[in-house]
Amino acid sequence: MSVMKLSIGPQHPISAHFRFLLDVDGDVVLKLEPDIGYTHRGIEKLAEKRTYLQNLPVIERVNSYCDSAGTMLGYLEAIEEVMGLKVPERAKYLRVIAAELNRIASHLYAASLFSVATGLETMLMWTINDRELILDLLERLTGQRITYTYQTIGGVRFDMPDGFKEEALKRLDYLEKRTEDYYKMLLWNHTFQIRARKVGILKPSDAIKLGIVGPNLRASGVRADVRKDEPYEVYDKFDFSIPTGKNGDSYDRLEVRFKEVEQSIQILRQAIKDIPKGPIKKWTQPIVPQGEAYTRVEAARGEFGYYLVSDGTMKPYRLKITPPSFRNLIALPHLCRNVPLGDIPIIYISLDLIPMDVDR
Amino acid sequence: MILGLSFPQLIELILKVLIFPGLAFPLLFAMIVIWFERKFLARIMLRIGPLHVGPINRTGLFQPIADFLKLIQKEIIVPDNANKFLYNIAPIIAALVASLSVAFIPYALKPDGSYWVIYYTPLSLLVILAIFTARPFIMVAAGWASNSKYCTIGAIRAALQLLAYEVPIALSLASIVIMSGTFDLAKIVEAQSSIWFIIFQPIGFIVILIAMMAELSRRPFDIPFAEQEVVFGWPTEYTGAQFALIMVSEYFDLCAVTSLITVLFLGGWSGPAIPLLNDISPILSGIFWFLLKMAILTVIIIMGRGIYPRLRIDQLLDAGWSVLIPLAITQIIITLLTAQWWLPLVGGV
Amino acid sequence: MTDKSTEELVVDSVKAKFPEDVIDAKVQRKNRVSISVRGNKIYDIGLFLRDELGFDHIASVSGIDYIDAKEFEVIYYVWSMDKKVLVGLRTKIPRDNPTLKSLVDVWEGGLYHEREIWEMFGIKFEGHPNLSLLLLPEDWDGPPPLRKDFVLPETHQERLEEKIKKLSGG
């Protein structure tokens with residue numbers, strides 16, 4: 001059979017808002033080229049025309065439905081670094097709580113997409129169901145389920161409501177038990193292992209060379225996490241470990257995500273226990289002096305890089321956002337060479353690329 | 001005397017063709033199984049399933065009927081460059097072929113010694129095997145006639161899968177034929193009057209159950225149907241009543257397959273007589289046991305959808321060729337070698 | 001005399017190897033080093049950073065339009081796993097005819113980053129395998145959007161309005 005050009009387009013059950021151009025020979029994919037830009041909103045240009053405070057909802061929409069709390073942290077840290085602003089302790093703890101809850105929700109979402117890609121709809125329903133618990137908690141804390149605009153320049157906007165601590169601890173205990181269910185039902189499912197093991201193996205040297213970040217990098221065995229390398233907020237006060245995988249295949253990428261959920265539960269327990277009393281916001285007019293800063297935060301999908309250049313006015317001169325999915329995108333053509341057609345959804349979903357992240 | 005039949009025989013024929021096991025039975029089976037599958041899988045997935053449409057509150061019993069009515073009033077779209085004849089006729093033939101097998105399976109034993117079957121032939125097992133072999137052609141015709149890359153890929157995969165799994169089916173049928181000595185389905189049931197064949201041939205039972213799940217394209221073998229890479233496989237371009245026919249023909253197939261396995265391995269209609277039903281008519285208790293066994297098999301086949309992910313096409317073909325065929329051959333060898341122990345227990349030979 | 005920190009050691013080794021091409025190399029804060037070089041030597045310095053000093057994980061490539069000074073600045077941010085230092089390798093190029101040697105051979109992960117800078121700023125990277133539109137629509141013919149003097153071109157706006165009119169039925 002001659003080489004067929006297949007286009008898995010933006011309207012497709014598995015590709016979210018990406019388009020892939022495949023060269024298929026029989027059942028083997030020879031080459032894959034991603035065609036991105038379907039959700040490009042020009043956020044970097046928009047950010048230059050708005051003040052720092054007006055930019056908060058805009059920056060959050062870089063990755064709104066999965067991980068908005070993690071996305072915001074980098075922008076705020078950049079501003080605070082250039083301004084030299086010190087955030088109150090309680091606000092830092094609250095920011096970490098929101099970010100870690102978001103990380104759990106985002107990993108559950110990634111697991112649900114993975115189950116859909118392999119055809120196990122049961123786990124789609126279970127993970128989305130459990131994600132609802134987390135979103136409910138976040139709604140109590142911030143007032144919104146998905147895009148919070150909770151963290152602001154100098155702190156956070158709302159304080160923890162009464163009864164939040166007990167409710168959160170209860171739900172975290174439930175989630176910890178549930179993770180065992182997920183191991184038995186999804187990860188140790190024999191058919192799932194046949195599908196996901198040895199598929200899309202990313203060697204650690206390749207991963208570092210290509211600039212891969214996040215759970216994808218850690219699944220290949222490289223122990224790199226911004227929370228440990230360059231601790232920001234109050235991450236240096238918590239006791240947690242960085243899970244890594246052994247082989248770098250798709251199964252490991254999912255297993256690392258589940259292990260990170262367990263670690264996030266540990267961090268959350270410590271944060272809820274140790275949170276000090278105090279103010280939650282140090283409000284000043286965000287007049288940022290001239291300067292620049294590059295901050296890195298660890299969102300759920302990897303490292304978010306924010307490069308801010310300010311010229312002393314109320315609006316940023318240049319804000320460059322480097323999302324983790326944009327950096328992970330290059331792994332996709334690298335891994336999808338000479339693989340069976342049935343492996344393409346598995347590899348793509350295991351890398352956890354979010355089109356909004358990639359396009360900004 | 002019409003068609004060489006007396007009046008009571010004519011009434012019986014009309015009953016058989018129209019009600020059971022004729023037109024109404026596979027349709028009713030499909031409706032009930034679709035409802036049950038949606039509710040059952042919903043509970044596995046921690047959901048509720050259909051709720052509102054139906055007479056009993058919060059059960060959604062008529063949901064399949066509502067879906068069917070919705071589908072048949074939609075516009076039928078034929079793609080421009082499609083082969084119109086094949087495209088339009090493929091769903092009809094799919095439904096026909098699927099329900100054709102039901103005509104040859106005996107469902108009960110009448111008190112006068114004959115069988116409750118639409119058309120009695122001493123070669124009914126061979127006929128049914130031949131009908132199953134025709135199924136891949138329909139899929140390839142429909143997929144090719146749709147003139148779309150996705151459909152072509154889906155149709156080829158469907159054909160590969162079904163052809164690969166027909167061999168284990170034929171082999172386990174062969175070991176049943178060895179044990180019972182006849183191709184006649186009714187005589188096979190009679191041969192199980194003392195012990196069901198599943199006790200003698202457990203390996204054969206497992207082989208045919210798995211192979212039939214692949215033939216029906218049920219998860220974990222549903223690559224032809226619901227594939228994430230190729231949208232929906234060979235029936236992608238069908239809408240409206242044609243889509244409804246294709247979906248319902250899958251359940252007609254399920255009806256035929258579970259009836260077949262019940263006859264071959266689970267003793268058909270044999271079971272203790274139920275006094276209440278026997279008062280109405282002596283064949284009703286046989287039909288009751290038959291339906292009960294079909295129901296158990298249906299539940300087992302449906303459960304696979306909630307538990308297993310999908311296999312990749314080469315892993316699937318690998319399982320068919322290198323695992324199931326040796327198992328089936330092992331079953332034949334065991335059957336042949338242990339002949340002296342089971343021969344006296346098989347009745348009616 | 002305290003030991004020099006890792007960042008200072010990096011700065012010193014780069015300055016020692018390329019004394020006349022490094023315009024400015026300094027430690028910005030903990031884990032951050034900024035090295036400003038001439039545009040024609042950025043490839044060699046990049047190779048030195050990768051091979052000798054172990055900076056092999058590219059983090060980001062960013063472009064800035066300094067319209068008043070009439071120049072672009074391109075910054076390559078690279079991270080080193082064991083040193084835990086982020087180096088910002090920056091160079092300024094003139095705004096009229098901006099070209100730069102592509103560093104895709106040095107850091108393969110910069111493939112899409114450089115492509116995006118080309119389409120957003122108009123900076124041509126020589127040696128890049130595929131400089132084509134990445135995020136913008138396929139029929140984009142206007143100026144690079146992220147420049148400070150960007151105005152949505154009249155022709156593009158008119159074409160857009162025509163398309164919208166045609167799609168909504170005249």
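The largest cavity in this predicted model has a volume of about 150 Å³. Look for it in chain B, where its lining includes A94(B), R135(B), I138(B), M139(B) and W234(B). Further along the chain, I246(B), S249(B), E250(B) and D253(B) also help to line this cavity. If you think in terms of helices, α6 and α11 of chain B are the elements that give two or more residues to the lining. Of these, α11(B) gives the most, with four residues. What sort of residues face this space, by class? The lining of the largest cavity has seven nonpolar, two polar and three charged residues.

That cavity has company: a search of the whole structure turns up nine cavities of 30 Å³ or more. For the second largest, hop over to chain A and find L217(A), A224(A), D225(A), R296(A) and E303(A), which lie nearest its centre. This second cavity has a volume of about 90 Å³, and 14 residues line it. Helices α9 (215-219) and α10 (226-229) and strand β6 (291-299), each from chain A, supply at least two of the lining residues apiece. By class, the lining of the second largest cavity splits into six nonpolar, two polar and six charged residues.

Now for the pockets. The largest pocket holds about 880 Å³ of space. Its lining counts 31 residues, and the closest to the centre of the pocket are I34(B), R38(B), M247(B), Y251(B) and R305(B). Both chains take part here: α5 (121-142) of chain A, along with α2 (24-44), α3 (63-72) and α11 of chain B, each supply at least two lining residues. Helix α11(B), which you met at the largest cavity, turns up again with the largest share of the pocket lining, six residues. As for class, the pocket lining has 18 nonpolar, two polar and eleven charged residues.

Finally, take a look at helix α5 of chain B, residues 124-133. Here S124(B), L125(B), I128(B), I131(B) and F132(B) are buried. Why do these buried residues line one face of the helix? Looking down the axis of α5(B), you'd see them fall within an arc of 125°, so they line one face. The general rule behind this kind of pattern is that an α-helix has 3.6 residues a turn, so residues three or four places apart point the same way. And what do the buried residues of α5(B) pack against? Their partners are α4 (84-100), α6 (135-145), α7 (149-180), α8 (185-191), α10 (202-215) and α11 (240-265) of chain B.

Methods:
Residues are numbered from 1 along each chain as its sequence is written. Chains are lettered from A and ligands numbered from 1 in the order in which they are written. This is a predicted model: local features need pLDDT of at least 70, side-chain atom pairs count only at pLDDT 80 or more; totals for chains, interfaces and linings use all residues. Side-chain values use heavy atoms; hydrogens and water are left out. Buried means under 20% relative accessible area, exposed over 50%, partly exposed in between (1.4 Å probe, protein chains only). The arc is that of the directions from the helix axis to the C-beta atoms. Contact means heavy atoms within 4.5 Å. On a 1 Å grid over the protein atoms alone, a cavity is a set of points where a 1.4 Å probe fits but cannot get out, and a pocket is an open set with protein on both sides within 12 Å along at least five of seven lines; lining residues have an atom within 4 Å of a point. Grid points are joined across faces, edges and corners, and a volume is the space filled by probe spheres set on the points. Ala, Val, Leu, Ile, Met, Phe, Trp, Tyr, Cys and Pro count as nonpolar, Asp, Glu, Lys and Arg as charged, and the others, Gly among them, as polar.
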